[in-house]
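Before reading on, please look through the sequence and the 3D structure shown here. The report then goes region by region.

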Amino acid sequence: MNNAPVIIIGGGGHAKVLADCLRLQSCRIMGFTDWDETALIPGVKRLGDDSFLQQVEPSQVHLVNGIGSVRSLELRKNIFDRFKALGFHFINIIHPSVLIANDVDLAEGTQIMAGAIIQPGCQIGCNTIVNTKVSLDHDCRISAHVHISPGSTLCGGVIIDESVHIGAGSTLIQNIHIGAQSLIGAGSVVIKDVSPGQKVFGVPAKVKEATQ
Ligand SMILES: CC(=O)SCCNC(=O)CCNC(=O)[C@H](O)C(C)(C)COP(=O)(O)OP(=O)(O)OC[C@H]1O[C@@H](n2cnc3c(N)ncnc32)[C@H](O)[C@@H]1OP(=O)(O)O
């Protein structure tokens with residue numbers, strides 16, 4: 001099973017970055033699935049749409065969730081839940097340049113991209129992306145299906161609940177709690193807790209409206 005080939009679900013920009021990371025780790029990539037026939041990951045075969053996976057025995061492959069972006073966190077969660085229910089396993093991806101403390105707890109299907117730093121005591125939930133050059137300081141607790149976008153800085157003890165998007169280049173001060181399904185706009189400085197489902201942005205970050 002450990003040497004099983006990898007199938008990437010999705011053929012967009014995030015999937016392309018993941019493919020590069022997998023190559024650096026000498027993983028065998030069987031291909032990617034995407035409904036869009038024009039989707040392209042250079043050097044990786046398009047296998048068809050997600051229905052291709054119906055022909056595959058779950059124990060014979062590993063999956064990687066290649067869905068990224070800001071508005072598609074729900075799709076990303078649905079893909080993970082759907083294929084987990086069918087018995088598939090999502091591998092963790094950790095770029096070789098990542099600095100990560102020994103005691104960090106990573107759940108299934110986490111993706112830690114190039115240049116990230118994760119300090120002691122952190123926990124990362126399943127299907128979460130810690131994107132390029134993110135810094136998570138000590139004791140941050142990040143739940144499932146979260147996207148922390150490139151260049152964000154989380155100070156110590158920050159808690160992020162499920163399905164939150166942290167916009168690129170944001171800073172969250174220590175011990176902040178972000179409620180589920182919130183959206184933090186790019187470049188925000190978050191100095192207060194954020195209630196579930198809120199959209200906040202700016203310096204300091206202020207509420208715009210509910211995300212749902
Ligand atoms: C590898 C990757 O690429 S990962 C992707 C990383 N990308 C991100 O993290 C992007 C995050 N997205 C944002 O920050 C977006 O701007 C959003 C989601 C906050 C936009 O929210 P919307 O409600 O659609 O805002 P909208 O675009 O209509 O703008 C409304 C107003 O807010 C302002 N605004 C929008 N975003 C921000 C922001 N991040 N900071 C400050 N002001 C903002 C706009 O300038 C506009 O102001 P105006 O009314 O004076 O003209």
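## Strands β1, β2 and β4

Two strands are said to pair if DSSP finds at least two bridges between them. This structure is a predicted model, and in it β1 and β2 pair in the parallel sense, with 4 bridges between them. Within that pairing, the bridge partner of I7 is G31 in β2. On β1 there is also a parallel pairing with β4, again described by 4 bridges, and here V6 has H62 of β4 as its bridge partner.

Are the residues on the two faces of β1 buried or exposed? V6 and I8 on one side are buried, and so are I7 and I9 on the other, so that both faces of the strand are covered.

## Helix α1

Helix α1 covers residues 13–24, which makes 12 residues, and the distance from its first C-alpha to its last is 17 Å, close to the 16 Å expected at 1.5 Å a residue. An α-helix has 3.6 residues a turn, so residues three or four places apart point the same way. The buried residues of α1 are H14, A15, K16, V17, L18, A19 and C21, and what covers them includes the strands β1, β2, β4, β5 and β8. Just after the helix, S26 takes a positive phi of about 55°.

## The annotated glycine, G68

In the UniProt record, an unreviewed entry, the feature "binding site" is placed at G68. This residue is found in the loop between β4 (62–65) and α2 (73–85). Why does G68 count as buried? It does so because 21 other C-beta atoms lie within 10 Å, where 20 or more are needed. If residues up to four places away in sequence are not counted, G68 touches G12, G13, H14 and I129. One of these, H14, is also among the buried residues of α1.

## The annotated histidine, H138, and G156

The same kind of record, an unreviewed UniProt entry, places the feature "active site" at H138, which lies in the loop between β12 (135–136) and β13 (141–142). H138 counts as partly exposed because it has 15 C-beta neighbours inside 10 Å. Leaving aside its neighbours within four places in sequence, H138 is in contact with Q119, P120, G121 and G156.

The last of these contacts, G156, is found in another loop, between β15 (153–154) and β16 (159–160), and with 15 C-beta neighbours inside 10 Å it also counts as partly exposed. Apart from residues up to four places away in sequence, G156 touches D137, H138, D139 and Q174. G156 and L47, on the other hand, are 109 residues apart in sequence and 42 Å apart in space, C-alpha to C-alpha.

## An open sheet of 5 strands

Which strands make up the open sheet, and in what order? The order is β7-β10-β13-β16-β19, and the pairing is parallel. At the edges stand β7 (105–106) and β19 (177–178), and because each has a single partner strand, one side of each is left without a neighbour in the sheet. The partnership of β16 and β19 is parallel and rests on 2 bridges, with I159 standing opposite H177 in β19.

## Around the ligand

There are 13 residues around the ligand, and those that come nearest are S149, G167, G185, A186 and F201. By type, the residues of this shell divide into 6 nonpolar, 6 polar and 1 charged.

Conventions:
Residues numbered from 1 in each chain as written. Predicted model: local features only at pLDDT ≥ 70, side-chain atom pairs only at ≥ 80, totals over all residues. UniProt positions renumbered as here; feature names shortened; annotations may be inferred. Buried ≥ 20, exposed ≤ 12 C-beta atoms within 10 Å, placed from the backbone. Contact = placed C-beta atoms within 7 Å. Near = placed C-beta within 6 Å. Nonpolar A, V, L, I, M, F, W, Y, C, P; charged D, E, K, R; others polar. Expected span 1.5 Å × (residues − 1).
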